[in-house]
Amino acid sequence: MIRKLAVRWGFLTGLIFISGYSYSQSDNNQPDYGQIQGNVQMLFQHYQEDTIIAGIVPPEETTLNAFTNLIYTRGNFSAGVRYESYMPAQAGYPDRFKGSGLGYRYASYSKDELSLTVGNFYEQFGSGLVLRSYEERNLGLDNAMDGVKVAYTLTEGVYLKGVYGKMRYNFNDGLINTEGYTRGIDAEIHLNSIIPGWDTLKTRVIFGGSFVSKYQRDDRSDLVLPENVGAYAGRVNISRGGFVMNSEYAYKINDPSADNGFNYHNGQAVLMNLVYAQRGFSVSLDAKSINNMSFRPDRNLQITDAQINYLPAMTTQHTYLLAGTFYPYATQPNGEVAYQAEVGYKVKKNSLLGGKYGMDLLVSAAQAYAPDTSLITAEDPGLKVYDNKLLSLGDQAYFGDIHVQLKKKFNKKLSGVFTYYNFVYNNDVILGARQLDGTEVEGTVYADVFVAEMNIKTKSKHNLRLIGQYLRTEQHQGDFVALVAEYSISPHWVFALLDMYNFGNAIKEDRVHYPFGSVTYIKGGNRISAEYGRRRAGIFCVGGVCRAVPASNGLTLTITSSF
Amino acid sequence: MLVSKMPILYLIHTMKKLSLLLLLSSICIFAFSQDRSKKVPSAKVKDLQGKMVDTGDISNNGKPMIISFWATWCGPCKKELNAISDVFDDWSEETGVKLLAFSIDDARSSARVMPYVNAQAWDFDVYLDYNQDFKRAMNVNNVPHTFLVDGKGNVVWQHNNYSPGDEEELHEELLKLTK
């Protein structure tokens, strides 16, 4: 506690010092006090009992999540704090987040080629395969680093970064970090900037490399665990005209953890992406292979807690209700091989198919499989060791997503979007599909989803959006339909009504309606929204990271503001 | 409970709360004394060729700029930028305005940015805010969030949402700046 106190006083003293500094520094008539900016996000929820969907009601009946960021900047200096409240945390959030206090505080200074940050910061090396510290507040995910970050531009085109600190894991009247340390360095070289004569070349080449290491003491008496675990990665980005090629390879030494069943195998990951794009046409191909790449400052943590690295899912994140919240994929850090291909095409205006306004077409297919592994019998029976062939498909399908989308404007007032999706969802592995009573669905779910969206401009600044959705499956909860009507009056108001109906449930009593309504008022940087209704238990994803959200019924008020 | 029984801990506890209060109030005093206008802060982003760009260095030679935060997975964001794209030639002719679109896509979807921008034939300057440093510096909670910046680099208007027709308000604000 005394240490915590010292930290806070340190920040206060720092700010007072700066304010004195800013007085003495003023060189013109108007003293420069710098500026304060910030933002607020508050989410209040009232829960009511709903036995039909087994809706969750916390003992407090209401929850409040609130975040206020304040950032002070003056010239090259900036400092900021975030005050957080979980009283208690919203259902679906990590329930160990409690109370109110500072969840983030930093001071940073940059001058010429050097930039220095102390306190909390976020950072990403390359595509994040060995290090990505970031915040996704809507998922209750925040693995901010707490320590020191240095960034140095050696020369135009050579960028160096170093981080050293602890990683955030919990919140209880203030942030709580993991015990172990995480530290790393990264270098990025833009060849076109440093090789004489290359700056005018059409081909651009960027190389990068990172090394990250974590320290955690050996906390097991039955195992000999590595206390320092290192991981490194190399990446290359080549572009020429409409072609871009990106790839990254990462390797991690043996890192027995709760995630991998305390096996001593090393970890590997490779990400590859090739894009070709020109006006009105694009193709993109992705390949990914991951094996044993879970990497945390604390080997005993699981799920989304304190992950040092980021293993992106290679599948599209869908936004329509029935396509996005039922069967979304989440990367399997212990191992997977995945491919995706996507083609986008804009049918020209005034053509046979395109009509007066043209038409957008998108076709996408993604597959994820188990890795191709074979067990190797180790001399020590306590060690589980296996061999893995990168990018080679195993025999078990984890996930499949094929979708086709067509976007068309019919006339000045009417436009539509039509999408078909086909999902294959191996619930024995992904574990996201549950029945109303909470039991896991066994085996694989096969589903087709059809979505039609119409946008109708009723008059100037008034718009009606109608969305019809139909999900067809023999497994899980059977067929669903959903209807959404949204009326917006620009720039201030949005009204929405929604009903989702599980008409195809095999159990008659479980054929439930999920009515829901919302009103939103927006003015400048302020946004206030009230929602009321029944929410289905489902999976909520942002950027490929997902969290299971329990069923609930009640009122939600959200306020966000930016100033 | 324990805290109130032990004087030294109680004292520390009070001081802790007090320091926080002092900190917040000193920030408020600052907030009052400052100039109302908000400037575009400095953060490192990448352009679509992977080149590093400092947002503090971005300017439009004394003419206004629109800064828009979006993502490939955000439907309203894409609607907004497509709606602006349809009329952007006129806006640019009238006012010399430049539009900077900052994608907050992460490693999962950032490779989709370039194909999408090309497929839609946007004539905007598109950047990848890959570590979301600029998003944080601009105090953006969620996307879409659009700012209008005057020729002196002051943020004069912002809007955190998109409904069809919102671009008309932005256009009106833009015309006010150049009158």
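In this predicted model, chain A has a mean pLDDT of 89, and 91% of its residues reach 70 or more. One stretch of chain A departs from that level, since over residues 19–27 the pLDDT stays under 50. For these residues the model has eight contacts beyond four places in sequence, and a reader who inspects them should keep in mind the pLDDT under 50 there.

## Chain B: elements and a helix pair

Chain B contains six helices and eight strands, and from the N terminus on its elements follow the order α-α-β-β-β-β-α-β-α-β-α-β-β-α. Of the 179 residues of chain B, 45% count as buried. Among the contacts in chain B with a separation of 6 or more, 69% are between residues 24 or more positions apart.

How do helix 3 and helix 6 of chain B lie with respect to each other, roughly parallel or roughly antiparallel? The axes of helix 3 (residues 75–95) of chain B and helix 6 (residues 166–178) of chain B come within 10 Å of each other and cross at roughly 20 degrees. Because angles under 35 degrees count as roughly parallel, helix 3 of chain B and helix 6 of chain B are roughly parallel to each other. The crossing in which helix 3 of chain B passes helix 6 of chain B is right-handed.

On the side of helix 3 of chain B, the residues that meet helix 6 of chain B are B:Glu80, B:Ala83, B:Ile84, B:Trp91 and B:Thr95, while helix 6 of chain B contributes B:Asp166, B:Glu167, B:His171, B:Leu174 and B:Thr178. Sorted by class, the contact of helix 3 of chain B with helix 6 of chain B is made up of four nonpolar, three polar and three charged residues.

## Backbone details in loops

Two peptide bonds that lead into a proline are cis, with omega near 0 degrees: in chain A the bond from A:Ser490 to A:Pro491, and in chain B the bond from B:Val143 to B:Pro144. A:Pro491 is placed in the loop between strand 25 (480–489) and strand 26 (493–501) of chain A, whereas B:Pro144 is found in the loop between helix 5 (133–137) and strand 7 (145–149) of chain B.

A positive phi of about 55 degrees is seen in the model at A:Asp173, although this residue is not a glycine, and A:Leu431, not a glycine either, also has a positive phi of about 55 degrees. The table sets out where each of them lies and how it is surrounded.

| Residue | Phi | Loop in chain A | Other C-beta atoms within 10 Å |
|---|---|---|---|
| A:Asp173 | about 55 degrees | between strand 11 (158–171) and strand 12 (175–177) | 15, partly exposed |
| A:Leu431 | about 55 degrees | between helix 4 (427–430) and strand 23 (444–459) | 12, exposed |

A:Leu431 is classed as exposed because 12 other C-beta atoms lie within 10 Å and the cut-off for exposed is 12 or fewer.

## A leucine in strand 17 of chain A

A:Leu274 lies in strand 17 (residues 267–278) of chain A, and with 17 other C-beta atoms within 10 Å it is partly exposed. Which residues does A:Leu274 contact, leaving aside its neighbours within four places in sequence? Its contacts are A:Met245 and A:Leu285. A:Leu274 and A:Ser247 are 27 residues apart in sequence, and their C-alpha atoms are 8.6 Å apart in space.

Conventions
Residues are numbered from 1 along each chain as its sequence is written. Chains are lettered from A and ligands numbered from 1 in the order in which they are written. This is a predicted model: local features need pLDDT of at least 70, side-chain atom pairs count only at pLDDT 80 or more; totals for chains, interfaces and linings use all residues. pLDDT is the predictor's confidence in each residue, from 0 to 100. Two residues are in contact if their C-beta atoms, placed from the backbone, lie within 7 Å. Axes are lines fitted to C-alpha atoms, for helices over the stretch in contact, and angles run from 0 to 180 degrees between N-to-C directions. Helices (H or I, at least four residues) and strands (E, at least two) are DSSP runs, numbered from the N terminus. Angles under 35 degrees count as roughly parallel, over 145 as roughly antiparallel, 65 to 115 as roughly perpendicular and the rest as oblique. A crossing is left-handed if the near helix is turned anticlockwise from the far one by less than a right angle, and right-handed if clockwise. Ala, Val, Leu, Ile, Met, Phe, Trp, Tyr, Cys and Pro count as nonpolar, Asp, Glu, Lys and Arg as charged, and the others, Gly among them, as polar. A residue is buried if 20 or more other C-beta atoms lie within 10 Å of its own, exposed if 12 or fewer, and partly exposed in between; C-beta atoms are placed from the backbone.
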